[in-house]
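Welcome, and thanks for opening the viewer. Load the model, pick a cartoon display, and keep the selection box handy for the stops below.

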Amino acid sequence: YSASCPIYVKSQKFLIAYSRRKIKSRSDILKAVSFLLETGVMRSLIIKDTQSRVYRYSLDDFLKWLNEAYRSSNGDVTITLPTPKEEKSGFVLKHPRPLGDIVVFNSARMHPYAPAFNVFSLMWAKTFFELGYSVHLLPNERTREIKEYIEKTSPCLIFGGLCEKPVDCYSVIIVHDLPLWEGGFAKHHIDELKKDAKCVLFCVDKSWCTILKEYGVKNVYFLQHYYPHELCYPMDHLPKVFNLAFVGNFARPHFDAPTSFKHVVDFHWKRKMEVFSYPFISNVYRTVSKCYPFQKWQIVTTLHNAFGFVYENFRYFVLSKLAERYEIDLWGWPWIIPNEIKNHPKIKYNGPAYWLQLPIIFSTTKINLNIHRIVYDTGTQERTFILAFCKAFFLADNKEIFRDIFPEVCKEITFNNLNELFSKVDYFLKDDSAREDISSLIYKIAIRNHTMRKSCLLYTSPSPRDLSTSRMPSSA
């Protein structure tokens, strides 16, 4: 990449430098690396870790190792360097004139195909620092050392972690998945938070807020999903290579829960197939609450576990129907995507997409399919903002939130059923100027209104003095 860009692998920061040549812009990187390889300028790989230890490999040896590692691990290659124990304390972004101190728990872990796992906690730390706070990025662990560090720091806000707070301050946790899914946020955490009056939960879907409030969590508010725009860049000057493409994961639909509840799920799934904006999760929850009032939380937890990842029938359904009419380029995890989809005659399966490739894939595609997981009722996913910040055109199954975030083009970019989707695919494949106009407008709106900086203001704004409008009190 370049010596000025830190790469994070398993919480270990190191630099990769390939020559003394300078990169003037991010769009030059691919051309530069290609040139260096072809001309033999790139002779060795130098890895320097945070303790100034240097690891040097000849390029030939490294490529041989990389090739062997790739073939033997189904595409996943991990470089692991020794991590000194003293690094566990994290690091501090010390502001020269801080408004206060904020602790951000580091949730980053090396996951080459899922951007959220890698960058969100780091980007929150960066954004809070830019807003005037000293930020302490700490390992997300419940240890005595962490507790003592927080007590000594006395922060005004703890962000993103589950810990026993040794100081009297607000804490903020963002729920990115079904709240009672034990593979995600986990129900036992919510039981702890019900006791903490100064812990505030933000959910990226309003339906989840409703469920949590009825479960007994008081401080629950909606926050639209987000993505750091710094990691996206428009590459609309590149020629279009793909007509219709989807990047994402979905399993073969199978119901991993007691069959006695399947009739409830199937009833609402049929309505979801007819009207894509149908709030599936909310209606399943209402039916369970009505039919099983004394067992509802046990059943809802069971269903959330079933819906968490394996019951991705909506993506499977839409892509299968599209493949009956159109050729589709598909990227996704090879161990998740069903074989009948990967081997479909009209679907070209391109393997997994490394998350740094996304701007290139999105920008070289005429129509990006922004199909949501079934767990979203009203909100949208991070892909929406990656596409927007890349100035890439997309069509999405209709969600309530699109009327708020992109009101000018909401009708043009959303579809409520298969016929609407087919009609819009036919139209936008032919009309280049319409796609360009819409994607340019979406990009401007996103840069102006939907950056992570805007989200951070919710937690640090000095007014109003209560949580009625989803903002933190002045004491935070």
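## Stop one: strand β9

Select β9: six of its six residues are buried, so the strand is largely enclosed by the rest of the structure. Buried here means under 20% relative accessible area, exposed means over 50%, and partly exposed is in between, with a 1.4 Å probe and protein chains only. Helices (H or I, at least four residues) and strands (E, at least two) are DSSP runs, numbered from the N terminus.

Before going on, a note on the ground rules: this is a predicted model, in which local features need pLDDT of at least 70 and side-chain atom pairs count only at pLDDT 80 or more, while totals for chains, interfaces and linings use all residues. Residues are numbered from 1 along each chain as its sequence is written, and side-chain values use heavy atoms, with hydrogens and water left out.

Now show the side chains of β9. Which residues cover its two faces? Y170, V172 and I174 are on one side, S171, I173 and V175 on the other, and all are buried.

## Stop two: the neighbours of β9

Add β8 (residues 157–159), which runs parallel to β9 and is joined to it by three bridges. Two strands count as paired if DSSP finds at least two bridges between them. Look for I158, whose bridge partner in β9 is S171, and for F159, which stands opposite V172.

Next add β10, which pairs with β9 in the parallel sense over five bridges. S171 appears again here, with C199 as its bridge partner in β10.

Strands of a sheet pair through backbone hydrogen bonds, either parallel or antiparallel. Select the full set of seven strands: they form an open sheet in the order β5-β7-β6-β8-β9-β10-β11, with mixed pairing. The edges are β5 (91–93) and β11, each with a single partner strand, so one side of each is left without a neighbour in the sheet. On average, neighbouring strands of this sheet are turned by 25 degrees against each other, direction ignored.

## Stop three: helices across the sheet

Show helix α4 (residues 144–153), which lies across β5, β6, β7 and β8 and runs at about 170 degrees to β7. Such angles run from 0 to 180 degrees between N-to-C directions, with axes as lines fitted to C-alpha atoms, for helices over the stretch in contact. Contact means heavy atoms within 4.5 Å.

Then show helix α6 (residues 206–215): it lies across β9, β10 and β11, at about 170 degrees to β11.

From α6, move to helix α8 (residues 280–291). Its 12 residues reach 17 Å from first C-alpha to last, close to the 16 Å expected at 1.5 Å a residue; the expected span is 1.5 Å times one less than the number of residues. Which elements do the buried residues of α8 pack against? They pack against α6, α7 and α9 (296–307). Among those buried residues are F280, I281, V284, Y285 and V288.

## Stop four: β15 and β16

Select β15 and β16, which pair in the parallel sense over three bridges. N368 has F394 as its bridge partner in β16. Both faces of β16 are covered: F394 and A396 on one side and L395 and D397 on the other are all buried.

## Stop five: salt bridges

The structure holds 12 salt bridges, each a side-chain nitrogen of Lys or Arg within 4 Å of a carboxyl oxygen of Asp or Glu. Start with D177 and R373, whose side chains meet at 3.0 Å, N to O. D177 is in the loop between β9 and α5, and R373 is in the loop between β15 and α13, 196 residues apart. Are these two buried or exposed? D177 counts as buried at 19% relative accessibility, and R373 counts as buried at 12%.

Next, find D236 and K391, a salt bridge with its closest N and O atoms 3.8 Å apart. D236 lies in the loop between β11 and β12 and K391 in the loop between α13 and β16, so the pair ties together parts 155 residues apart in sequence. D236 counts as partly exposed at 42% relative accessibility, and K391 counts as partly exposed at 21%.

Finish with R252 and E340, which meet in a salt bridge at 2.6 Å, N to O.
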